[in-house]
Amino acid sequence: MPELPEVETVARLVRPDLEGRRVRAVRAFWPRTIGEHSEGEFAALVSGARIARVWRRAKYIVLDLERRGRPAGQILVHLRMTGRLHITPGRSQPRDHERLRLSLEGGRALSFIDVRKFGRVRFMHSAEGLFRALGPEPLEEGFSALWLLQALRGRRRALKPLLLDQSFLAGLGNIYVDEALHRARLHPLRISHKLSAQAVTRLWAEIRATLSEAIEREGSSFDRFYRTPEGQPGSYQHQFQVYGRQGQACKSCGSTVVKFTVAQRGTHICRSCQRAPRRVIISRP
DNA sequence: ATCCTATCCTGGCTGC
DNA sequence: TGCAGCCAGGATAGGA
């Protein structure tokens, strides 16, 4: 599902078509996509504003708006599970599962397409407060091995649910947590404050390496949902070590990859590369 | 503080 | 072939 690498890829690919353009009109085909605002309110807030910058924070794609050169709020796109962004010809009929369309000056439009309707496009006067409540960006300076060591020691939680918690660390989801934990040879049920400094350093490095490599490959596509705005699938799924590989051989040691449930999420591990912590009862699939 | 469950959704899949 | 039921999962709310 779209996690940091997929969201980063989408932001990069829509950026050249959006930056500098003005929003002309809004149509909400599924009103809940824009949440607390009605279509009319949303339109009033964004119409005529210029998209000054497109960037990413955690799993949000952020469109900074300006009017007369001054900040005029932000549009936050969250793809959740099946959301997609496409630049489309402005006048076409709504396509299947299109939930929102922002018509742009110049004739084209930004379309938000989402089969499962979980995705959201919000207008906020400022997202600063929302972003302050999120953990650091894993690929930025603030996320150091020392920070991670101290942060893990300040909590007493299983690694997987902690790494999925966006207020702890931003941008990871189910897939990249499983991949990073396998690469760091850490079991998802290991308790955060009990890791050695060496193990934490491994985890830190593997989180960064996994995400960077996935961005290089434009994310992962293993079902028909995630595509870049150009309609291309990512290719990182070919690098998966454990995710979705239950029943197959671990690429490092040959043992069979198993799937079980942690934090209500499908969790994939190699039992020989990722040794279970003592005294932990492993929940059943 | 942490964990667990339900909710939101659709479509693909399984099993009868 | 038809159809009911289950599953996937990011975020959040509410209860234990």
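Two residues are taken to be in contact if their C-beta atoms, placed from the backbone, lie within 7 Å. The exercises below concern a predicted model.

**Exercise 1. The surroundings of Gly119**

Task: State where Gly119 lies, which residues it contacts, and whether it is buried or exposed.

Solution:
- Step 1. Locate the residue. Gly119 sits in the loop that joins strand 7 (108-114) to strand 8 (120-124).
- Step 2. List the contacts, leaving aside neighbours within four places in sequence. Gly119 then contacts Thr33, His78, Leu79, Arg80, Gly83, Phe112 and Asp114.
- Step 3. Check one distance across the chain. Arg32 is 87 residues away from Gly119 in sequence, and the two C-alpha atoms are separated by 9.2 Å.
- Step 4. Apply the burial cut-off. A residue is buried if 20 or more other C-beta atoms lie within 10 Å of its own. Gly119 has 24 C-beta neighbours inside 10 Å and therefore counts as buried.

**Exercise 2. The open sheet**

Task: Give the strand order of the open sheet with 4 strands, and find which strands stand at its edges.

Solution:
- Step 1. Read the order. The 4 strands run 1-6-7-5, with antiparallel pairing.
- Step 2. Find the edges. Strand 1 (23-28) and strand 5 (83-89) each have a single partner strand, so one side of each is left without a neighbour in the sheet.
- Step 3. Add the twist. From one strand to the next it averages 20°.
- Step 4. Examine one pair. Strand 1 and strand 6 (residues 98-104) are joined in the antiparallel sense over 5 bridges. Arg27 stands opposite Arg101 of strand 6.

**Exercise 3. Helix 1 and its partners**

Task: Describe how helix 1 is placed against helix 7 and against the strands.

Solution:
- Step 1. Compare the helix axes. Those of helix 1 (residues 4-18) and helix 7 (residues 197-216) come within 9 Å and cross at roughly 40°. This crossing is right-handed.
- Step 2. Name the residues that meet. Helix 1 supplies Leu4, Pro5, Glu8 and Thr9, and helix 7 supplies Leu211, Ala214 and Ile215.
- Step 3. Sort them by class. The contact has 5 nonpolar, 1 polar and 1 charged residues.
- Step 4. Turn to the strands. Helix 1 lies across strand 5 and strand 7, at about 25° to strand 5.

**Exercise 4. The surface near DNA strand C**

Task: Which residues are around DNA strand C, and how do they divide by class?

Solution:
- Step 1. List the residues. They are Met1, Lys59, Arg80, Met81, Arg116, Phe118, Gln166, Gly173, Asn174, Arg265 and Gly266.
- Step 2. Sort by class. The surface near DNA strand C has 3 nonpolar, 4 polar and 4 charged residues.
- Step 3. Look back to Exercise 1. Arg80, listed around DNA strand C, is also one of the contacts of Gly119.

Note on methods. Residues numbered from 1 in each chain as written. Chains lettered and ligands numbered in written order. Predicted model: local features only at pLDDT ≥ 70, side-chain atom pairs only at ≥ 80, totals over all residues. Helix = DSSP H or I, 4+ residues; strand = E, 2+ residues; numbered from the N terminus. Buried ≥ 20, exposed ≤ 12 C-beta atoms within 10 Å, placed from the backbone. Axes fitted to C-alpha atoms, helices over the stretch in contact; angles between N-to-C directions. Left-handed = near helix turned anticlockwise from the far one by under 90°. Nonpolar A, V, L, I, M, F, W, Y, C, P; charged D, E, K, R; others polar. Pairing = 2+ DSSP bridges. Near = placed C-beta within 6 Å.
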